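I wanted to look up the aromatic rings and the helix packing in this model. My notes follow.

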Amino acid sequence: MAEKVHFNAHDKKEYPPMHTVEHVINGAMVKLFGTGRSVGTHIERMKSRMDFSVDWEPTDEDAQRLEDEVNAVLMQDLPVTFEVTTQAEASKYGVDLSRIPEDASQAVRIAKVGDYDTCLCIGDHVASTKECGRMVLYSHDYLPEKHRWRIRFKLEGEDPSYSID
């Protein structure tokens, strides 16, 4: 008989299209600009923001490049899949284990957006990136004293069957 897996408590109900886009944006930032994953996020249904640690002042062209890359990935209709493993085994996937609390369960769930992005996550996601619609990066700013690039974005045309009742 299979053993029941227990994850840490998760008290947030994500809007799956926006949460999945968060993964794609993180992957795009790593691939396009060589940054780490976001250092701060606020993901909501209507609009969201993400902060990245960068050592240059991003331009409007950088923001457009990011938006174009994310939308190209979304339109690829990539599957969003999951694998449950242990913390010890998770390192073979190249995921960052540094944010896991010391008292966390040994079981972890790895979320994969096709072969584009892989990370630890127990949140809600769409089944395929095409269900996210289109990401619109509507503003961005840079705080040089904090080396922080903040992007603000929303979705258009996401699958209407998703709700957060």
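I counted the aromatic pairs first, and the structure holds three (ring centres of Phe, Tyr or Trp, the last by its six-membered ring, within 6.5 Å). I looked at Phe33 and Trp149: their ring centres are 5.9 Å apart and their planes stand at 80°, so this pair is edge-to-face (planes over 60 degrees apart; under 30 is stacked, the rest tilted). Phe33 belongs to helix α1 (residues 16-33) and Trp149 to strand β7 (residues 148-156), so I noted a link between distant parts of the chain, 116 residues apart. Helices (H or I, at least four residues) and strands (E, at least two) are DSSP runs, numbered from the N terminus. I found both Phe33 and Trp149 buried (under 20% relative accessible area, 1.4 Å probe, protein chains only). Ring pairs join Phe33 and Trp149 with Trp56 in a cluster.

The model is predicted: local features need pLDDT of at least 70, side-chain atom pairs need 80 or more, and totals for chains, interfaces and linings use all residues. Residues are numbered from 1 along each chain as its sequence is written, and side-chain values use heavy atoms, without hydrogens and water.

Next I checked α1 against helix α2 (residues 60-74). They pack at about 125°, with axes 9 Å apart (lines fitted to C-alpha atoms over the stretch in contact, angles from 0 to 180 degrees between N-to-C directions). The two helices are therefore oblique (not under 35, over 145, or 65 to 115 degrees). For the contact (heavy atoms within 4.5 Å), I listed residues including Val21, Ile25 and Phe33 of α1 and Leu66, Val70 and Leu74 of α2.

Note on methods
Buried means under 20% relative accessible area, exposed over 50%, partly exposed in between (1.4 Å probe, protein chains only).
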